[in-house]
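Reader: I should like to request a close look at the salt bridges of this model, with the setting of the chains in which they occur. Please state the cut-offs behind each term.

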Amino acid sequence: MQRVRKPSAQMAKLLHALFARPGEWRHGYDLLKETGLSSGTLYPLLMRMTDQGQVEAEWQPPARPGRPARHAYRLTASGMALARAVEDRDAAQRPGLAAT
Amino acid sequence: MMAALARAAMALAIDLVQPRRPEWAAAMAGEFEAAREDGRALRFAGGCLAAAARDLCGHASGRFAVARTAFALLAILPFAAFHTGCGIVAIRFLATGRDRYHAMLLAGDAQQRAFAPVYHDMTALLALPVLLLGAAHMGLAWNLIEWRPRRMLAMLGLAALSAATIALTILAMMPAPSGIALQFAAVAIECLALPVFLAWRIRHRPFPASQRIRRP
């Protein structure tokens, strides 16, 4: 079994949010609200995960004319694998589940 | 007010990030509108600015920009403000005839009263060089932040010339001059610091030596 390097708490939150709706493109601000991370934490994290190939990004046209285009993110296959591994590990560590 | 502050913070964050990570800058700018509509523009912009500052300190060219800006703001600008302030006080004295130090001299003993007209004449001679010295320091600070080495050297030359004029004028008019050390201290600090910045820049050029354009 592949050993998962423990991601930071912030990264785990982001992985959880993206993994909750896999395949769906998510805007940075929506992720910020859902995870409770600050923009100063979220953007460096998203950029790092994009550089590492765990997240892919695309530009989406503005919803209304005159607005800027928005960057949207979703997990790649390797990001999904990492998120799944983190979810499994967290589930195994939960006391209620560990006892059963 | 808060909206303007948020826009300014966001603009600064984008300026800091853009040269190295244009995509990141554009992504943050795109989401700023969403944060603004949600009433959290300042918080969002503040976070982006903090991230941009952290990113800037994480690489050599960013640290170079931070060091330049810090030196310009903390070491050169105080000299610029001091000399500009002195120049403005001198011009006000020449225009209105009122000056606290001049009034003290006039109310003093015989030696001080005798020095009062010398002080007036000296102020008339020094007002322009002191203002020039302030402007030269200001120009040096600005060009250091913008990294324009030729203009920096021109401003340093102007500062040295102004400081020398001030020193020679004071030496010619006062038997025991004091207070000229500051002008030279400022120029000396800048003369020592600029080669350090130039050497730093040469050491961390953004392109390898093989790609440098040779001068004809």
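Author: The answer below turns to the salt bridges after a short account of the two chains, and then to other local features.

The model is predicted, so local features need pLDDT of at least 70 and side-chain atom pairs count only at pLDDT 80 or more, while totals for chains, interfaces and linings use all residues. Residues are numbered from 1 along each chain as its sequence is written, chains are lettered from A and ligands numbered from 1 in the order in which they are written, and side-chain values use heavy atoms, with hydrogens and water left out.

Chain A has 5 helices and 3 strands; helices (H or I, at least four residues) and strands (E, at least two) are DSSP runs, numbered from the N terminus. Along the sequence, the elements of chain A follow the order α-β-α-α-β-β-α-α. Chain B holds 8 helices and 0 strands, giving the pattern α-α-α-α-α-α-α-α. Of the 100 residues of chain A, 36% count as buried, and for the 216 residues of chain B the value is 36%. Here buried means under 20% relative accessible area, exposed over 50%, and partly exposed in between (1.4 Å probe, protein chains only).

The accessible surface of chain A is about 5,900 Å², with carbon and sulfur atoms supplying 53% of it. For chain B the accessible surface comes to about 12,500 Å², of which 66% belongs to carbon and sulfur atoms. These areas come from the Shrake-Rupley method with a 1.4 Å probe; for residues, only the protein chains shown count as cover. Among contacts with a separation of 6 or more, residues 24 or more positions apart account for 56% in chain A and 67% in chain B, where contact means heavy atoms within 4.5 Å.

The salt bridges themselves come next. Side chains of opposite charge can pair when their charged atoms come close. The criterion is a side-chain nitrogen of Lys or Arg within 4 Å of a carboxyl oxygen of Asp or Glu, and the structure holds 11 such salt bridges over all chains.

One of these joins the side chains of Lys33(A) and Asp38(B), at 3.6 Å from N to O. Lys33(A) lies in helix α2 (residues 28-35) of chain A and Asp38(B) in the loop between α2 (22-37) and α3 (41-56) of chain B, so the pair joins two chains. Lys33(A) is partly exposed at 44% relative accessibility, and Asp38(B) is partly exposed at 34%.

Another salt bridge links Arg21(B) with Asp51(A), whose closest N and O atoms are 4.0 Å apart. This pair also crosses between chains, from the loop between α1 and α2 of chain B, where Arg21(B) lies, to helix α3 (residues 39-51) of chain A, which holds Asp51(A). Arg21(B) is partly exposed, with 25% relative accessibility, whereas Asp51(A) is exposed, with 62%.

Within chain A, Glu56(A) and Arg74(A) meet in a salt bridge of 2.8 Å, N to O. Because Glu56(A) lies in strand β2 (residues 55-60) and Arg74(A) in strand β3 (residues 70-75), the pair ties together parts that are 18 residues apart in sequence. Glu56(A) counts as partly exposed at 30%, and Arg74(A) as partly exposed at 24%. In addition, salt bridges that share partners join Arg21(A), Glu24(A), Arg26(A) and Glu34(A) into one network.

Two features of chain B complete the account. Met2(B), Leu5(B) and Leu42(B) form a nonpolar patch on the surface, with about 270 Å² of accessible area together. Patches are made of residues with over 30% relative accessible area and no salt bridge, like charges being joined within 9 Å and nonpolar side chains (Val, Leu, Ile, Met, Phe, Trp, Tyr) within 5 Å. Within this patch, Leu5(B) belongs to helix α1 (residues 2-17) of chain B and is partly exposed, with a relative accessible area of 45%.

Trp147(B) lies in the loop between α6 (110-146) and α7 (149-173) of chain B. Phi of Trp147(B) is near 55 degrees, a positive value in a residue other than glycine, and Trp147(B) counts as buried at 15% relative accessibility.
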